[in-house]
Amino acid sequence: MASKDCVKVAVRVRPFNKRERDAGSRCIISMTSNNISIQDPRNPQNSRAFTFDYTYWSHSGFSRNKDGLFVPEETGGRYADQAGVFLDLGQGILDNALQGYNATLLAYGQTGSGKSYSMVGYGPNKGLIPTLCERLFQSIRSMQDSRQCQVFFSMLEIYNEQVVDLLSKTSRSAGGLRVREDQQRGFYVEGLRRVPCDSAVQVEQLMDQGTRTRTTAATHMNANSSRSHMLIIIQLKQIFSKECITKQSNVYLVDLAGSERQRSSGSEADRLKEGTAINLSLTTLGNVISALADMTLGKKVVHIPYRDSVLTKLLQSALGGNSRTVMIATLSPADICYEESLSTLRYAERAKRIQNKAVVNESPTERLVKELKAENAKLLLRLSRLGQEGRKADDETKELRRLLTHNELQIRAIQTLWEQHLQEALKDWETQYATITQERRMMQMHPYIMNINEDAQLSGVVKLFIQEGEWDIGLADNSPKSLCIRGLGIQEKHAVFSNQQRRVSITPVSGSKVIVNGVQTSKRIGLQHLDRLVLGSNSTYLFIGFPSERSGEDWSRYDYDYFQSELAAAEGFHFQSLSAGPHQPDPSLLAVFYDYIKLMPMVTEANQMSQELKKGVEFKLEIKNLAMSDSKGHDLEKDIAVRVTSVESKQVWMWSKAKFVNRKFLMEEVYQQQVVGGEGADRAPLPRDRDPFWDPLESLHLGSAYLWLQSLAFRIPLEEQVEVVGPEGTEEAILQAQLVPCSPTGLPLGEDDILIDPSELLGKRLDFQLILDQCCGLRWVKEARNRGVQIGFQVFDCPQPLYTPAVWHNVNPLLDHRIQFTALRTSQELLNYLQSNALVLELWGLQEGCSELISCMDGVKMTQEDSIIIDKISASEPSTAETGGSDLNSSLRALHQDLEQLRNANAVLKKENSALREQLNSARNGVENNRGRQERRGSLRPSCDAEFAKALKVFYHSMTSVRGQLQRLRRHKPSEEADLLGLRLYVDEHTYLLKDFSEQLEQCVTTLKQDVAAIVRRKREKSGIWS
Ligand SMILES: Nc1ncnc2c1ncn2[C@@H]1O[C@H](COP(=O)(O)OP(=O)(O)O)[C@@H](O)[C@H]1O
Ligand SMILES: [Mg+2]
């Protein structure tokens, strides 16, 4: 009776969340009937269309009714509410189960896209699972006469390839439960608790219990719920006594781990591979789906890797086997999630090709009962025959009667077994129910704290009541007056709550970390309703005051993000500071902010683990200014990095965001094995090459300085002291450098070679030397003397950066490094580059034991005189051939902006210049017209031009310091913590700097004017027009 069923696929898009609204996100998903299309936000013409069995628009057009339900704004509106989704998907699953088919429902999507909302639901907006159970028991009751039904409920979690029974009454076994294979049953979890159920209330309570276990397991194991899979298994057995048939079906309801991958660069380059086990189940699921989809397309598939992961073992029948399967793929509507949403849609597209072969699982009612019944019938027959025959066969009769009773007892035992189990489960449920009712009563009487989790689904699950008196909170659970919590950085006795005279306060025990509303405290502090508490590294709780203080407000705004933003603000990183003025904050800055608050608690946790495992390293978040390597000195994008410092040796590493996230998961694994594992845990120290806390030493980019190249375009030498600025704006060193135009053999050019018009260089040979004289005040070496530095730089189209030799142990090392560059035929590109760019001098820090940076000379051409040839690409070829399209676009945009700025800045000077030139010309023409003496012009012009060039040289020299002043002004920003007084001081300072700047500029221009005027005057005098 096998039929071919394709996996049915539904797609649902949720409303914007707070982050997306803050970022002014745009919706890039559109739906019409069963079609969905997604638009590339960077290229709106580019949109991709998909077709699925069902599409659900839950993005807009809804309102909240008086019961708190999200419903369509108007009847018949397009908004898909929970009831609508159930009608299509849930009802189908239920019908299948009742018919005796196995059925599976999977939710797939990135974290926060609405998987749990669809599967479990939030508050009154119940998801597919609770509604399905409710309807299941309704159906069972209405069909009571025709069949007897048994329902068993199980709930488990797969984290890191370990199976955790979420309903287990005993504490978790190390390593989790085993998955076994059986000829008949296929793969199953050995020892998984199956709870007999007969009502939806009972199921709901079990789900609460499971969620609670999940929450505590997550804090206990220091695990992230978005990386775990949650499975609910409902086994339905229907016994049709008249027909002597039993139908049995397994329903798998699966809330998968977040589908997002750590894509951004960094972890790829990591020495240690990503904690593979964490994603193994999801990766394997993808592989199984792909293989099955290929099979449908007629491709030859040799092997389907079911056995590669726990999840795919358990879902084997759901995928390509005996099950009717539905997948709901959930999407964020926002432009910033484009990549993830597109990848979800592609995944779903593949899943819909899978073909299953579902059969009704029916069997004659259990053989044993049947056989026993038959045997009894036979026995009875024999008994009656014996009676009829009137034979005295006492012994035989006795034996027969004993067998008969035994058999009857066995039959009854089988039938009552189920009822017994059910009764036990109900008793269990009653005690649990009493606890819940008790908890509800307590909530109405006492203040309490409730947990806030990164996963909203797990928030508010743990409530700890603070009744009158004093209450210790911590790991210890040894007195009736203690509240037991677990988590990183929580002490045996962590703090004391006191509830006296209707006032609640908390007093940290010395050495333990307690943060109230973002501020760490070491003294007793009074608590107000809705105060935020962070205990230890990252156990977050919301304080709920006395019932009289509560006024029906919405507590949901105090979510995990709220806590972390508050902590970031206390560190001086404000969300508001990103949105200057009434405008929307820059989305890229916002992304940095959210990255920051996402990584912040992870860094705290990493520090705690390092401390407990005695790793001797400290982690610190840093906001890296990417402008450090922008040759135009623009303050462009920022990114986040983690600075890792060895406490003893002061060695430093910089980790990218992705690398840190990867390492954090590996650290958790180590921590899990060595600390939480308890007795007998593997405590052998890890070899270095597998230690996530350790890395080989590398050189570190400390900061950059800018040497503007403009003077080279005029063949004017430049000597400057430039400041090397670190990523956070600190002065790392002062660098003395020179740019000297020279002859091919390296002799410096004289004043006569100075150009008035840089375009004269076009097509001509240009030689110049970069001289790095000395580095002064190296902060890096000041901090630890066993360090060294190198300077790296990349000139125009040189393929690789070049480095100076390393200098060690010296705060003011002499570099004395000289290197010559040659453009054989100066192109317009090079000229533009010289006129608008700076040479970025990167300061690299070396540490004892790390290898020095070496200039790679591959692809570098040299002149006969050993000068490096630049400007190799002819003008016809695009000079940025290697960079990708989007890079090209953005650099083009930056170039345009830059040009615009340059134009404005130079406009005044140009006017000035052209006026002077006109004066000069008219004077010259006057000479020609009046005298007509051609021969004199030849001797007059060069001397005049030389003078003119000299004046210009003076001008450019003085402009160098003006430019330095402008750089200082650009970097001069108020400190984040500045109060009013601080701000006033800043404004005063800024005004002073500005005044100084404008005076210097004024001075330069005046000198230039005076010089040029003098030249013109002298020229007039010489030509003797007016003499
Ligand atoms: N269809 C929806 N309608 C309203 N809110 C939703 C919807 N889907 C998700 N949300 C909200 O988005 C947030 C994240 O959803 P959740 O289901 O927990 O994500 P996931 O389980 O995929 O990580 C929750 O606060 C949830 O209330
Ligand atoms: Mg979830």
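**Close-up views of a predicted model**

**View 1. The residues around ligand 1.** Ligand 1 is surrounded by 13 residues, and the closest are Gly 112, Lys 115, Ser 116, Tyr 117 and Tyr 122. The model shown here, as in every view below, is predicted. Helix H3, which spans residues 115–119, provides the largest share of this shell, 3 residues. Sorted by class, the shell around ligand 1 holds 7 polar, 3 charged and 3 nonpolar residues.

**View 2. Backbone atoms beside the oxygen atoms of ligand 1.** Three residues are picked out in this view: Ser 113, Lys 115 and Tyr 117. For Tyr 117, a backbone N or O atom lies 2.7 Å from an oxygen atom of the ligand. For Lys 115, the distance from a backbone N or O atom to an oxygen atom of ligand 1 is 2.9 Å. For Ser 113, the corresponding distance is 3.3 Å. On its own, ligand 1 has 560 Å² of accessible area, and the protein covers 81% of it.

**View 3. The largest cavity.** The model has 8 cavities of 30 Å³ or more. The largest cavity holds about 70 Å³ of space. Its lining consists of Ser 116, Val 120, Met 155, Met 207, Thr 211, Arg 214, Met 230, Asp 255, Gln 457 and Leu 458. Which helix gives the most to the lining of the largest cavity? Helix H5, residues 200–221, does so, with 3 residues. By class, the lining of the largest cavity divides into 5 nonpolar, 3 polar and 2 charged residues. Ser 116 belongs to this lining, and Ser 116 is also among the closest residues to ligand 1.

**View 4. The second largest cavity.** The second largest cavity contains about 60 Å³ of space. Its lining is made up of 10 residues, and those nearest its centre are Glu 157, Tyr 159, Arg 214, Ala 218 and Ala 223. Strand E12, residues 148–159, and helix H5 each supply at least two residues of this lining. H5 gives the most, with 4 residues. The class counts for the lining of the second largest cavity are 5 nonpolar, 3 polar and 2 charged. Arg 214 appears in the lining of the largest cavity and also in the lining of the second largest cavity.

**View 5. Ser 332 in its loop.** Ser 332 sits in the loop that runs between strand E19, residues 324–331, and helix H8, residues 338–351. Is Ser 332 buried or exposed? Ser 332 counts as buried because its relative accessible area is 0%, and buried means under 20%. The side chain of Ser 332 reaches the backbone nitrogen of Ala 334 at a distance of 3.1 Å.

**View 6. Glu 161, a loop residue with positive phi.** Glu 161 lies in the loop between E12 and strand E13, the latter spanning residues 162–165. The phi angle of Glu 161 is near 65°, which is a positive value in a residue other than glycine.

**View 7. Asn 517, a second loop residue with positive phi.** Asn 517 is placed in the loop between strand E28, residues 514–516, and strand E29, residues 519–520. Phi of Asn 517 is near 50°, again a positive value in a residue other than glycine. Asn 517 is classed as partly exposed because its relative accessible area is 26%, and partly exposed is the range between the buried limit of 20% and the exposed limit of 50%.

Note on methods:
Residues are numbered from 1 along each chain as its sequence is written. Chains are lettered from A and ligands numbered from 1 in the order in which they are written. This is a predicted model: local features need pLDDT of at least 70, side-chain atom pairs count only at pLDDT 80 or more; totals for chains, interfaces and linings use all residues. Side-chain values use heavy atoms; hydrogens and water are left out. On a 1 Å grid over the protein atoms alone, a cavity is a set of points where a 1.4 Å probe fits but cannot get out, and a pocket is an open set with protein on both sides within 12 Å along at least five of seven lines; lining residues have an atom within 4 Å of a point. Grid points are joined across faces, edges and corners, and a volume is the space filled by probe spheres set on the points. Ala, Val, Leu, Ile, Met, Phe, Trp, Tyr, Cys and Pro count as nonpolar, Asp, Glu, Lys and Arg as charged, and the others, Gly among them, as polar. A residue is near a molecule or strand if one of its heavy atoms lies within 4 Å of it. A polar contact is a pair of N or O atoms within 3.5 Å; within protein, one must be able to donate a hydrogen and the other to accept it, and residues adjacent in sequence count only if both atoms are side-chain atoms. Accessible areas come from the Shrake-Rupley method with a 1.4 Å probe; for residues, only the protein chains shown count as cover. Buried means under 20% relative accessible area, exposed over 50%, partly exposed in between (1.4 Å probe, protein chains only).
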